Amino acid sequence: MGIFSKDIMTMEDLFIHGLRDIYYAEQQITKALPKMIDLATNRDLGTGLRNHLEETKKQIERLDQVFAKLGEKPSGTTCPAIDGIIKEADETAGEVADKAVLDAAIVANCQSVEHYEISRYGTLIAWAEELGRDEVVRLLTDNLNEEKAANTKLNTVALRKGVNTKASAA
Ligand SMILES: [Fe+2]
Ligand SMILES: [Fe+2]
């Protein structure tokens, strides 16, 4: 958005802006996840993050399809929210000395990312429906469902696959 002009005039503009925001966010997530995968010690956590990295790449392809269906060029716009969440995750990762505690920190930080994505996709689906853009609702819903599943898997890893227990014993 420019300083001297307001680029978002209509709900349609706001919708496209939201798509560009999540497009940028998904790309930053594909860059950040490999670092988290390298740092993870718990096997279930590592596997879960690797699977979600592959899902994230497919989510970007779905967003490409969304832009195509809307007749828009796929492009991202800087999303300070995801940049902040990733920055904080990197900073904590650098500050946690114990490997088991680091796993608990990685789960928590990844859940922040998933919750951000869940809120964004939820909004975009509601706006797409309101704007009569039914052709993109399915694609956005597929992404939303993967984010929800990823968040649930992180819960399982933390609570039932030993991450929190081991971290607390460290
Ligand atoms: Fe995603
Ligand atoms: Fe995600």
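Reader: Leaving aside neighbours within four places in sequence, which residues is D13 in contact with?

Author: D7 and I8. This is a predicted model. Contact here means heavy atoms within 4.5 Å. D13 itself sits in helix α1.

Reader: Why does D13 count as partly exposed?

Author: Its relative accessibility is 27%. Buried would require under 20%, and exposed over 50%. The value of 27% falls in between, so D13 is called partly exposed.

Reader: How far is D13 from K161 in space?

Author: Their C-alpha atoms are 44 Å apart. Along the sequence, 148 residues separate D13 and K161.

Reader: I22 is in helix α1 too. What makes I22 buried?

Author: The relative accessible area of I22 is 0%. The cut-off for buried is under 20%. A value of 0% meets that, so I22 is buried.

Reader: What is I22 in contact with, apart from neighbours within four places in sequence?

Author: L63, E117, R120, Y121 and L124. By contrast, the C-alpha atom of E91 is 23 Å from that of I22. I22 and E91 are 69 residues apart along the chain.

Reader: Where does E91 lie, and why is it called partly exposed?

Author: E91 lies in helix α3. Its relative accessibility is 39%. That value is neither under 20% nor over 50%, so the label is partly exposed. E91 is also 34 Å from D7, C-alpha to C-alpha, with their positions 84 residues apart in sequence.

Reader: How do you know that α1 is roughly parallel to α3?

Author: Helix α1 covers residues 11-39 and helix α3 covers residues 80-95. They pack at an angle of about 10°. Angles under 35 degrees count as roughly parallel. The angle passes that test, so α1 is roughly parallel to α3. Their axes are 10 Å apart.

Reader: Which residues make that contact?

Author: From α1 come Y24, A25, Q28, I29, A32, K35, M36 and L39. From α3 come I82, D83, I86, A89, D90 and A93.

Reader: How do the residues of the contact of α1 with α3 divide by type?

Author: Ten are nonpolar, one is polar and three are charged.

Reader: Turn to K57. What is its setting, and what makes it partly exposed?

Author: K57 is found in helix α2, residues 43-70. Its relative accessible area is 40%. Set that against the limits of 20% and 50%. The value lies in between, so K57 is partly exposed. The C-alpha atoms of K57 and Q27 are separated by 8.1 Å, with the two residues 30 apart along the chain.

Reader: How many disulfides does a search of the whole structure find?

Author: Zero. C79 is in no disulfide, and its nearest cysteine sulfur, that of C110, is 16 Å away.

Reader: Why is the sulfur of C110 not bonded to that of C79?

Author: A disulfide is a covalent bond between the sulfur atoms of two cysteines. To count, the pair must be within 2.5 Å. The sulfur of C110 is 16 Å from that of C79, so the pair is too far for a bond.

Reader: Are these two cysteines buried or exposed, and how do you know?

Author: C79 has a relative accessible area of 1%. C110 has one of 8%. Each value is under 20%, so C79 and C110 are both buried.

Reader: How do you know that the span of helix α5 agrees with its residue count?

Author: Helix α5 has 27 residues, 134-160. At 1.5 Å a residue, it should span 39 Å. Its end C-alpha atoms are 39 Å apart, so the span agrees.

Reader: What phi does G162 take, just after α5?

Author: A positive one, about 90°.

Reader: Now the whole chain. What does its secondary structure come to?

Author: Six helices and zero strands. The pattern along the sequence reads α-α-α-α-α-α. Along its principal axes, the C-alpha trace spans about 55 × 35 × 20 Å. Of the 170 residues, 42% count as buried.

Reader: Among contacts with a separation of 6 or more, what share falls to residues 24 or more positions apart?

Author: They account for 80% of those contacts.

How values were computed
Residues numbered from 1 in each chain as written. Chains lettered and ligands numbered in written order. Predicted model: local features only at pLDDT ≥ 70, side-chain atom pairs only at ≥ 80, totals over all residues. Heavy atoms only, no water. Helix = DSSP H or I, 4+ residues; strand = E, 2+ residues; numbered from the N terminus. Expected span 1.5 Å × (residues − 1). Buried < 20%, exposed > 50% of the residue type's maximum accessible area, 1.4 Å probe, protein only. Axes fitted to C-alpha atoms, helices over the stretch in contact; angles between N-to-C directions. Parallel < 35°, antiparallel > 145°, perpendicular 65-115°, else oblique. Nonpolar A, V, L, I, M, F, W, Y, C, P; charged D, E, K, R; others polar.
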